[in-house]
Amino acid sequence: FVQPPTLDYNRIYSQSNEKSPVVFILSPGADPQADLQKLCIAKGFSNKFKFVALGQGQGPKAEELIEQGINKGYWIMLMNCHLLVSWLKKLEKHLELMKKPHKDFRLWLTTEPISTFPLGILQRSLKVVTEPPDGLRLNIRSTYSKIDQATLDECPHPHFRECLFVLAWLHAVLQERRKFGKIGWNVSYD
């Protein structure tokens, strides 16, 4: 069996460039915004990260942010692109006509899998599919992938690592139970 890799945002950033957007194709419950903000802070762009949730009437605001990003090197995140597919055609044209963007400019898009997403954007973008970890092992692995060695070494308490493992395990169990909905919590076992 093949196990899906955990998302490495540093690796995604290293493969991205200012001329190609990064498109996150989301699974239910996934939201890369917090992880992108952490990456932004780590790369020294904390004051250059702008985002907008697309929906009715948000097209002009998104265009304004993209224009600022192209000129000033901002990271722009457009969330829920599947809700404003009609405006994405305009974005596609804007990306085609973009001349020389700032070298720090990045455009991050999030969308649910839909068949009407413009092919022009998909063809020029780096595509990232987010899948929730399936099973306790992958859930724990996903949690540990977000913790670096410096964080583990920070706490001098001798049982810190054991407590961290218990929390990661509890989180994984809760995540697994969640997929059963109400049945996962309310049905008593004999």
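The following paragraphs lead through a helix, a strand and a pocket of this structure. The model is a predicted one, and every value below is computed from it.

The account begins with helix α2, which spans residues 33–42. Five of its residues are buried, namely Gln33, Asp35, Leu36, Leu39 and Cys40. Viewed along the axis of α2, these buried residues lie within an arc of 160°, so they line one face of the helix. The partners of that face come from several elements: the buried residues of α2 pack against helix α1 (9–15) and against the strands β1 (22–25), β2 (49–53), β3 (75–79) and β4 (106–111). The face turned away from the buried side of α2 has another character, for it carries the exposed residues Lys38, Ile41 and Ala42. Just after the helix comes Gly44, whose phi is positive, at about 85°.

Within α2, Asp35 deserves separate attention. Asp35 has a place in this helix and is buried, yet it has no salt bridge. Which side chain of opposite charge is nearest to Asp35? It is that of Lys38, at 4.3 Å. A salt bridge requires a side-chain nitrogen of Lys or Arg within 4 Å of a carboxyl oxygen of Asp or Glu, and the distance of 4.3 Å to Lys38 therefore does not qualify. Lys38 itself is among the exposed residues on the opposite face of α2. When neighbours within four places in sequence are left aside, Asp35 is in contact with Tyr9 and Lys146.

Strand β3, one of the elements against which the buried residues of α2 pack, contains Ile76. How buried is Ile76? Its relative accessible area is 0%. Beyond its neighbours within four places in sequence, Ile76 is in contact with Lys50, Leu65, Ile66, Gly69, Phe105, Arg106, Leu107 and Trp108. A sense of scale is given by Ile76 and Pro158, which are 82 residues apart in sequence and 42 Å apart in space, C-alpha to C-alpha.

The last feature is the largest pocket. Its volume is about 1200 Å³. The lining of this pocket is made up of 37 residues, and those nearest its centre are Leu7, Glu131, Pro132, Pro133 and Ser142. Two or more residues of the lining are given by each of the elements α1, β5 (126–129), α6 (136–145) and α8 (160–178). Helix α6 supplies the largest share, with 6 residues. Helix α1 thus appears in two settings: the buried residues of α2 pack against α1, and α1 also gives residues to the lining of the largest pocket.

Conventions
Residues numbered from 1 in each chain as written. Predicted model: local features only at pLDDT ≥ 70, side-chain atom pairs only at ≥ 80, totals over all residues. Heavy atoms only, no water. Helix = DSSP H or I, 4+ residues; strand = E, 2+ residues; numbered from the N terminus. Buried < 20%, exposed > 50% of the residue type's maximum accessible area, 1.4 Å probe, protein only. Lys, Arg positive; Asp, Glu negative; His and termini not counted. Contact = heavy atoms within 4.5 Å. Arc of directions from axis to C-beta. 1 Å grid on protein atoms, 1.4 Å probe; cavity = no way out; pocket = protein on both sides within 12 Å on 5 of 7 lines; lining within 4 Å. Points joined across faces, edges and corners; volume = space filled by probe spheres on them.
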